[in-house]
Amino acid sequence: MLVQLAPYAANENQSRGRRHEEPAAKYRGEYQRDRDRIIHSTAFRRLMYKTQVFVNHEGDLYRTRLTHSLEVSQIGRSVASALRLNEPLTEAICLAHDLGHTPFGHAGQDELNACMRDFGGFEHNLQSLRVVDELEAKYADFPGLNLMFETREGILKHCSVRNARELGDVGERFINREQAGLEAQLANIADAIAYNNHDVDDGFRAGLLSLEQLREQPLFATAFDRVHQRYPDLEDRRLIYEVIRRMIGTVVTDLIETTQGKIDALGPQSIDDIRRAGKPLVAMSDEIHEQHVLLKRFLSRFLYSHEQKLEMTRRAQTIIRELFELYASDVQNMPTEFAERAAREDEADRARIIADYVAGMTDRYAISEHRRLIGAN
Ligand code: MG
């Protein structure tokens, strides 16, 4: 079944194109090609060993940044297809959205940002764009993956005006206060839907969240009551899955219908109408949004700030900070290609090279590098 794209969806024929011109692919669309480049990138493979919430070695069943990105992509694609948006573009943005993440999740990013305070800071979102624009070294003719404008626009979810000024075309919307296309807006919300739900699953599995606690959350409670009524004797593990699939269903259905309503009310005829719409059109209804935010706050309080997680946070911060300092004090502690480039640069550019190197590490590589260097020093 070939569904026609909506007029306001991203359309490669009206794209702002690639930074370096390339001949069209013979059998693939341009956004499909972007998605394929992302899947073949080194940064994408590393997501397998990077923390989402639980450090990679804490257990084999928890989400990693890779499986998180796949779940984001699944949700994004479902909604894109229902709204007749560009599905390959949505998929590409979803798969790439966390490419710039450091090891150890947000704890790692916050510490690296602190290390980079005097040199422009570190922000994972900006780093994701840097990975696809600069850091992936795979092609003879250009640095990075040379992705389409709309894919890069989607990867750069947010950005300060100061940083936006240095980014050229893709930063302009933050200066002009415009929106990104619907596919980008969608990837952003699909991210939040994915983690809200899979973190309930992982948190429960880890024993850090209880059913009693979860049942105080309206989004969870509504789904729980429906499951419990129909399957009163279901064991907890399967019950959680049945609840989560209903929560995702509720939120996704609401998102599709609310967004379609907003689109119908505005009547956009092109992606530029979307960009000039004043505010994002991809949205949940007020009621579901509120429940979704309550769940997010609950997770932040009881899962992300759980004592067991905080212990990991402190350990991660020490590793990131000490690695950064060890490389800054002697760039030869890094592999030759990084060391040689860093040695030629002034302090700020040297710090950026170190940040790129540390940010690219997987959890276990950071741990083993730290052990090796601390042992040697
Ligand atoms: Mg994410």
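Start by selecting R117, which sits in the loop between α5 (105-115) and α6. The Greek labels are helices, which here are DSSP runs of H or I with at least four residues, numbered from the N terminus (strands would be runs of E with at least two). R117 counts as exposed because its relative accessibility is 64%. Buried means under 20% relative accessible area, exposed means over 50%, and partly exposed is in between, using a 1.4 Å probe and protein chains only. Now add A366 to your selection: the two residues are 249 apart in sequence, and their C-alpha atoms are 21 Å apart in space.

Before you click on, know that this is a predicted model, where local features need pLDDT of at least 70 and side-chain atom pairs count only at pLDDT 80 or more, while totals for chains, interfaces and linings use all residues. Residues are numbered from 1 along each chain as its sequence is written, and side-chain values use heavy atoms, with hydrogens and water left out.

**The charged patch**

Next, pick D118, E345, D346, E347 and D349. They gather in a patch of negative charge on the surface. Patch members have over 30% relative accessible area and no salt bridge; like charges are joined within 9 Å, and nonpolar side chains (Val, Leu, Ile, Met, Phe, Trp, Tyr) within 5 Å. The areas come from the Shrake-Rupley method with a 1.4 Å probe, and for residues only the protein chains shown count as cover. As for charge, Lys and Arg count as positive and Asp and Glu as negative, with His and the chain ends not counted. Each charge is placed at NZ of Lys, CZ of Arg, CG of Asp or CD of Glu. Zoom in on E347, which lies in helix α18 (residues 347-360). E347 counts as exposed because its relative accessibility is 52%.

**The magnesium ion**

Which protein donors hold the magnesium ion? Select H68 (NE2), H97 (NE2), D98 (OD) and D191 (OD), which lie 2.1 to 2.5 Å from the ion. A donor is an N, O or S atom within 2.8 Å of the metal (3.2 Å for Na, K and Ca); water is not among the atoms, so sites may look incomplete. Along the chain, these donors follow the spacing H-x28-H-D-x92-D. Are H97 and D98 buried or exposed? Both H97 and D98 are buried.

**Salt bridges**

How many salt bridges does a search of the whole structure find? It finds 34, counting a side-chain nitrogen of Lys or Arg within 4 Å of a carboxyl oxygen of Asp or Glu.

Try D272 and R16, whose side chains meet in a salt bridge (3.4 Å, N to O). This pair links distant parts of the chain: D272 is in helix α14 (residues 271-275), R16 is in the segment before α1 (30-39), and they are 256 residues apart. D272 is partly exposed, at 29% relative accessible area, and R16 is partly exposed too, at 44%.

Then hop to E30 and R18, a salt bridge whose closest N and O atoms are 2.7 Å apart. E30 lies in helix α1 and R18 in the segment before α1, so the pair ties together parts that are 12 residues apart in sequence. E30 is buried, with a relative accessible area of 11%, and R18 is buried at 15%.

For another pair, select R152 and D133, where the closest N and O atoms of the salt bridge are 2.9 Å apart. R152 is in helix α7 (residues 149-155) and D133 in helix α6 (residues 124-135), so look for distant parts of the chain, 19 residues apart, being linked. Both R152 and D133 are buried. Finish this stop by selecting R18, E22, E30, R33, D34 and R37, which salt bridges with shared partners join into one network.

**Two positive phi angles**

Click on R84, in the loop between α3 (65-82) and α4 (87-96). R84 has a positive phi of about 60° although it is not a glycine. Now go to F104, in the loop between α4 and α5, where phi is near 65°, a positive value in a residue other than glycine. R84 is partly exposed at 34% relative accessible area, whereas F104 is buried at 4%.

**Last stop**

Select G278 in the loop between α14 and α15 (286-304). G278 counts as exposed because its relative accessibility is 55%. Add E178: the two C-alpha atoms are separated by 6.6 Å, with their positions 100 residues apart along the chain.
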